[in-house]
Amino acid sequence: MTTLRRNPRTLWRRISDDQVIVFPPGLSEPTTLSGAAARLWLDLDDDARLDPAGSDRAADASLDLTIAALVLSGALEELG
Amino acid sequence: MSADLLRAISAHGIGAGDPSAGAALDDDEFSDVFTDAARHRLVGLWLAANEAGAAGLTPRQRALLEQHQSLRMELCLHLDRLLLELHDVLDTAGLEHRFLKGVVHALRLYPDPALRPYGDVDLLVRGGDIDRALQVMGGLGIVRPKPELRPGFDRRFGKGVTMRAPARGRGTRRHGVDVHRTFASGPYAMTIDADALFDATASVSIGGTDVPVLGSTDMFLHACFNAAVSDEQPTLISQRDVVNAVLDDALDWEAAIDRAASWSAAIVVARAVRDAWQAIGPAAEPPIVSWATHYRPSRRERRFADSYLGSDQRWAREALAAVPVVPGGVRGKGAYLNAVLFPTKEAVERRKRTQRQRVASGVRLLARQVRPGRRNDEAADAPPPPA
C-alpha cells in the first residue's frame, strides 16, 4: 500500500468526471486522463490529501506510468 | 430561443431558473446556440448546467461541447505556463507586476476555473517600468507587433501594449500578452491613478506558485472597465465576471464606487453592473444594483464614458475626450495630440490608417463636436421612471 497526492506543479482542468486535462512539468503538451484515471485525479482532492489506497487506485485506473510519475507525487514503485 | 437559452446558460448557478433551458434542442437550434455560446465563452457553463440536469443535451451534443471545451482548456493551460514564465522573468528583473483577468478571474471568481476560458495573458506593470518589462519579455521570444505611436507614449498616456508570444502547443497562432499600464485607453488612461493600483495586492496559486494579482476592489473595477468600455459589445462571460465579483463577499462595493468616482468613472461601474444584471438576470439583487440603476452621472462622466461607445472613429473620440485631462499642462497635451495625430512613420505603417486619414478623422470629429444640435446621449443614463 502506498499514498498518492497530486503534483502541485501540474496544471489541470476538469472537463467532466470522466475527463481531466493535465499539463505537468516535463511535458510539452497537455494530456487527457480518461475514465478511472480522471476519477482518481478528482478524488485526490487538494494537494495535501493522501489516499491510503493510492497504488491500488492508480493500478486500477491503468494510469500510464510516465504520466503518473509526472502528475502525481508519492511512492509509485508498486505500480510497476 | 437562442437568446433565452444563452441568457440561462450565462446565469447557471446564480439565475432564477428558466424552464426553457432544459428543453432538448434539434441540431439546427444546437448549432445556432453553440456558435453564440462559443463566441461568449459560455461552453464551460453550458456543460456545468447540463451536469446539473438543466440543459438537456443529447450525448452527441455533449460530446461536441466537451471536444470544444478540451481544446479551449488546453490553450488555457499553455497560457498558464506562459504566465508562470512571465512571472519568473519579471520577478528576477525586480519588476513589480500584477496579473489581470483571464486565469485570475477564473480562479478567484468561479467555483471551477474551467467555467471561465480565456485567450491571452494580461498583466499590469508601472508606467515607468513598461519599457524594461517589454525588454525582459524579449528573452521569452515575446515581440511587439506594432511600434509605439511616439517615444514615451506608452509610459505616459497609453493603456498598455499588446505583445505576441511564440505559438505553443498544437496551434500555430501566437499567444497574446497584454501588458497594461492602466485599465483603459482614452480619458480614463489619464484619470485612473495607475500607481495606486499597486497599493493593494493579493495572490492566486497557479501550478504551486503564488502569483500577484489585484486586490478585490481593483479586480472588481477592472472587470467593470473590461465589460463597459473595452469592447464595443461585451461578451456574456465578461458580464458574468462583473456579476460574480459583485456577489463575492470580499467586495466592499461602496469603497469601490468611491474609488471609481475619484477617477470620474463611477459611471463605468454603474453601466457595467446595470448591463450585466440586465443581460444575465441573477436571482440576487444586492444594493449596488439599485445604486447602478438609479445613478445619475455628471456631464463630464458621460462625456468620458460615451467616447468609448461604438466603433466609428472611436480612437478619435477617446483622444478628444482625453485632451482636457492629459497631465503635464500644455506641454503634456501637446505631446499627447502630437502622438495620436502624427505618429512616427514606422507606427503608421503598421496600423490600418494612414497619417492623413488619422488627421482627417480627428478634424471631422472635432467639427461635429462643436456643431450645435449634436446627439444627446443623456437618455442612456437616465434613471427609470418611478414604478
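This tour proceeds through a predicted model, from chain A to the largest pocket.

**Chain A**

Select chain A and display it as a cartoon. Its secondary structure consists of three helices and five strands. Follow the chain from the N terminus: the elements appear in the order β-β-β-β-α-α-α-β. Four strands are therefore written before the helices in this order, and a strand ends it, where a strand is a DSSP run of at least two residues.

Next, colour chain A by burial. Of its 80 residues, 45% are buried, that is, under 20% relative accessible area. Then switch to a surface view of chain A, where about 3800 Å² is exposed. Carbon and sulfur atoms supply 47% of this exposed area.

Now display the contacts within chain A. Among those with a separation of 6 or more, 54% are between residues 24 or more positions apart.

**The largest pocket**

Move to the largest pocket, whose volume is about 1800 Å³. Which residues of its lining are the closest to its centre? Select B:Lys146, B:Lys159, B:Thr162, B:Ser185 and B:Ser230 to see them; the lining has 49 residues.

Then select the elements of chain B that each supply at least two residues of this lining. Among them are strand E2 (120–125), strand E3 (160–165) and strand E4 (175–180). The helices include H9 (216–230), H10 (236–247) and H16 (329–341). Select H15 of chain B (314–322) separately, since H15(B) gives the most to the lining, with four residues.

Finally, colour the lining by residue class. It divides into 16 nonpolar, 15 polar and 18 charged residues.

How values were computed:
Residues numbered from 1 in each chain as written. Chains lettered and ligands numbered in written order. Predicted model: local features only at pLDDT ≥ 70, side-chain atom pairs only at ≥ 80, totals over all residues. Heavy atoms only, no water. Buried < 20%, exposed > 50% of the residue type's maximum accessible area, 1.4 Å probe, protein only. Contact = heavy atoms within 4.5 Å. Areas by Shrake-Rupley, 256 points an atom, 1.4 Å probe, with all protein chains shown as cover. 1 Å grid on protein atoms, 1.4 Å probe; cavity = no way out; pocket = protein on both sides within 12 Å on 5 of 7 lines; lining within 4 Å. Points joined across faces, edges and corners; volume = space filled by probe spheres on them. Nonpolar A, V, L, I, M, F, W, Y, C, P; charged D, E, K, R; others polar.
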